[in-house]
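The following account leads the reader through one protein model, from its salt bridges to its overall fold, its surface and its interior.

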Amino acid sequence: MMSGNYTSIDNQKVSGPVPSVPDPDHISVKFAESNLQTFPPSEHGKISGGSYPPRDADGIADTFSKPVSGSEESQHGGWLRMFTVAAYKPYFDVDTTDVLERIRDSLFPFRGTFSEKTAENPDLYGPFWICTTLIFVAASIGTFVTYISHKLQNKEWDYDINLVTWSAGVFYGYVTIVPLGLYVILKYFSAPSGLVQLFCLYGYSLFIFIPALCLSIIPLEIFRWVIAGVAGFMSATFLALNLRAHIKSAGERWFLIVASIFLLQLALSVVLKLYLFTVSV
């Protein structure tokens with residue numbers, strides 16, 4: 001045995017990297033790149049879909065005759081769509097900003113730009129709530145004034161429900177029947193206008209009567225006549241100026257049509273003065 005020629009490596013640590021041993025159970029998984037698509041969000045506060053307000057005079061008939069794609073209502077074709085909710089969705093596609101802007105335009109009747117601004121998107125939301133608010137204001141103010149009047153005279157007071165029904169008949173009936181009649185007349189004179197646009201125009205023309213009714217609580221007969229006259233004049237001017245440019249295409253009789261619209265709106269203010277503005281304390 002040779003000594004001194006070899007160095008014992010017992011009980012000594014081996015330094016340096018240790019080679020890794022592959023694990024037979026290890027499985028490497030590779031994920032394929034996902035093919036995701038991003039879609040821009042729809043416009044906030046607006047109704048998205050396949051139906052939009054009509055652009056021409058007879059567009060309301062086209063709206064009822066064309067089904068809405070991608071919805072359950074598309075199963076109903078033709079004029080049966082008049083009895084579905086989808087047929088009226090486009091006419092309520094407005095937000096608070098739109099309604100407030102149109103109300104503000106109705107308070108400045110001499111501009112005559114309301115029809116141009118609403119031609120692409122006439123709505124029924126504003127006219128409905130304006131008429132409903134008028135009915136509530138007329139009934140509540142009339143009831144309050146008569147209640148105070150009876151209490152001051154120590155008389156027994158009974159609520160008159162006819163005030164609500166009469167107001168509903170006047171406002172809902174006027175804003176429905178008059179535009180329908182005007183639609184037929186304009187169509188006869190070959191100057192057709194959109195039916196929904198007429199509903200929209202007449203509905204917003206009644207907004208001025210809301211503050212007028214509120215001011216009618218002041219127990220001065222002359223003041224009430226002035227308020228009713230100013231409100232009627234502003235409402236009639238608003239209608240006449242917004243329809244004048246369109247009705248001119250009806251020929252030489254356009255002035256008679258515009259004058260009739262103006263006088264009929266003034267007649268409405270007189271009726272409101274006689275039946276709603278004459279409460280006394």
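A salt bridge is counted here when a side-chain nitrogen of Lys or Arg lies within 4 Å of a carboxyl oxygen of Asp or Glu. The model under discussion is a predicted one. Lys117 and Asp105 satisfy this criterion, since their closest N and O atoms are 3.5 Å apart. The pair joins distant parts of the chain, for Lys117 belongs to helix H3 and Asp105 to helix H2, with their positions twelve residues apart in the numbering. The two partners may also be described by their exposure. Lys117 is partly exposed, because its relative accessibility is 45%. Asp105 has a relative accessibility of 6% and therefore counts as buried, the limit being under 20%.

Asp105 has a further partner. It forms a salt bridge with Arg111, where the closest N and O atoms are 3.6 Å apart. Arg111 has a relative accessible area of 48% and is therefore partly exposed. Asp105, Arg111 and Lys117 are thus linked in a network of salt bridges.

How many salt bridges does the count give? The count comes to four. One of them is formed by the side chains of Arg102 and Asp123, with an N to O distance of 2.3 Å. This pair, too, links distant parts of the chain: Arg102 lies in helix H2, whereas Asp123 lies in the loop between helix H3 (114–118) and H4, and the two are 21 residues apart. Are these partners buried or exposed? Arg102 counts as buried because its relative accessibility is 8%. Asp123 likewise counts as buried, because its relative accessibility is 0%.

These pairs may now be placed within the fold. The protein chain contains nine helices and zero strands, and from the N terminus on its elements run α-α-α-α-α-α-α-α-α. Of the 281 residues in the chain, 37% are buried. Among contacts with a separation of 6 or more, 72% are between residues 24 or more positions apart.

The surface is considered next. The accessible surface of the protein chain comes to about 18100 Å², and carbon and sulfur atoms account for 63% of this area. A nonpolar patch on the surface is formed by Tyr88, Phe92, Tyr125, Phe128, Trp129 and Tyr172, which together have about 560 Å² of accessible area. Helix H4 (residues 125–152) supplies the largest share of the patch, namely three residues. Phe92, another member of the patch, is located in the loop between helix H1 (59–65) and helix H2 (96–106). Why does Phe92 count as partly exposed? The reason is its relative accessible area of 36%, because the partly exposed class lies between under 20% and over 50%.

The interior remains to be described. How many cavities of 30 Å³ or more are counted? The count comes to one. The largest cavity holds about 40 Å³ of space. Its lining consists of Val137, Ala138, Ile141, Gly142, Leu213, Ser216 and Leu276. H4 gives the most to this lining, with four residues. Helix H4 therefore appears in both descriptions, as the element with the largest share of the nonpolar patch and as the element that gives the most to the lining of the largest cavity.

Terms used:
Residues numbered from 1 in each chain as written. Predicted model: local features only at pLDDT ≥ 70, side-chain atom pairs only at ≥ 80, totals over all residues. Heavy atoms only, no water. Buried < 20%, exposed > 50% of the residue type's maximum accessible area, 1.4 Å probe, protein only. Contact = heavy atoms within 4.5 Å. Areas by Shrake-Rupley, 256 points an atom, 1.4 Å probe, with all protein chains shown as cover. Patch = residues over 30% accessible without salt bridge, like charges linked within 9 Å, V, L, I, M, F, W, Y side chains within 5 Å. 1 Å grid on protein atoms, 1.4 Å probe; cavity = no way out; pocket = protein on both sides within 12 Å on 5 of 7 lines; lining within 4 Å. Points joined across faces, edges and corners; volume = space filled by probe spheres on them.
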